[in-house]
Amino acid sequence: MDQASHINELEMELLLDDFLEIYGYDFRGYSKASFRRRLQRLFIMDKMVSFPEFRFRLQRDTDYFNRAVAEISVNVTEMFRDPFFFKTLREQVIPVLATYPLIRIWHAGCSSGEEVYSMAIVLKEAGLLQKSLLYGTDINPNVLEKAARGIFPMTAMQQYSRNYLLSGGREDFSSYYTANYNHAKFDESLAQRMVFSTHNLVSDFSFNSFQLISCRNVLIYFDKDLQSKVLSVFDKSLERFGFLALGAKESLRFSGIETMYEALDGKEKVWRKFK
Ligand SMILES: C[S@@+](CC[C@H](N)C(=O)[O-])C[C@H]1O[C@@H](n2cnc3c(N)ncnc32)[C@H](O)[C@@H]1O
């Protein structure tokens, strides 16, 4: 990488201040290395000539800023990701949720919704979908549009079907979608119980009270302080005896709320609030 395309530490601080002052987006608690890498990528992709040109565009052009936000947010996801997590849900969480008259679940940082559709399938198979509401939120509006459409690439279905079976699924996975050329359109009946909306975990507050919050593979991009702040938002949004699910590399340890939670059996990152 040549010098002109290199964004140095000071320049990065300038961009972080601009984003907050102009657009109200606070990325100061994001892991610096990945934030910088992603902006650098944008700089090179868009053939920016100098840092002042890049900064000027980001300051003045809201569409371009939104493009940068989309670039900063890592949207990798899949259906029944970490299948044994879903197995734990089926075996240890769903039977408890079944006792509630209305089940409210929040998927924070849901990306294009594959996790939400997976959860809807699990709920449907347990006969609980009709009394459930699944809220999917993300900072990036582009991925939420995809989530609302419920259309995913056909090439991924083989892998998703394998994940589904490993998660304890017993049906024919292809019965949940209609194949159309390169795409699989998931059953409308699954989406009927879903609500997708933008929500920024850094600056927005809790908006409901939930029995299960799943925020997997999102905190990993935040520094320790921001992780603790977000976990305390989840704590305020979770009912007593509710469940909190994190990604494989994420933890409640040292967050300040861990004393009010106990881990479920097994290796999966699911905790139950007992206070
Ligand atoms: C790697 S994806 C995880 C998707 C899904 N939870 C999973 O485990 O497969 C991370 C998601 O977090 C979202 N995200 C990043 N910062 C966020 C924030 N401040 N508020 C809400 N969502 C955020 C990104 O846009 C991205 O869609």
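1. A helpful sorting to start with: Ala, Val, Leu, Ile, Met, Phe, Trp, Tyr, Cys and Pro count as nonpolar, Asp, Glu, Lys and Arg as charged, and the others, Gly among them, as polar. By that sorting, the shell around the ligand holds 8 nonpolar, 9 polar and 4 charged residues.

2. Please keep in mind that this is a predicted model, where local features need pLDDT of at least 70, side-chain atom pairs count only at pLDDT 80 or more, and totals for chains, interfaces and linings use all residues. Residues are numbered from 1 along each chain as its sequence is written, and side-chain values use heavy atoms, with hydrogens and water left out.

3. Now look at the ligand: 21 residues surround it, and the closest are Tyr30, Thr77, Arg81, Asp138 and Asn217 (a residue counts if one of its heavy atoms lies within 4 Å).

4. Next come some polar contacts with the ligand (pairs of N or O atoms within 3.5 Å). Polar side-chain atoms of Arg81 and Ser73 lie 2.7 Å and 3.3 Å from an oxygen atom of the ligand, while an N or O atom in the side chain of Asn200 is 2.9 Å from a ligand nitrogen atom. Taken alone, the ligand exposes 610 Å², and the protein buries 99% of that (Shrake-Rupley method, 1.4 Å probe).

5. Finally, the cysteines: there are 0 disulfides (a disulfide is a pair of cysteine sulfur atoms within 2.5 Å). Why is Cys110 without a bond to Cys215? Its sulfur is 10 Å from that of Cys215, the closest cysteine sulfur, which is too far. Cys110 is buried, at 4% relative accessible area, and Cys215 is buried at 0% (buried means under 20%, with a 1.4 Å probe and protein chains only).

Methods:
Polar contact = N/O pair within 3.5 Å; in protein donor to acceptor, adjacent residues only side chain to side chain. Buried < 20%, exposed > 50% of the residue type's maximum accessible area, 1.4 Å probe, protein only.
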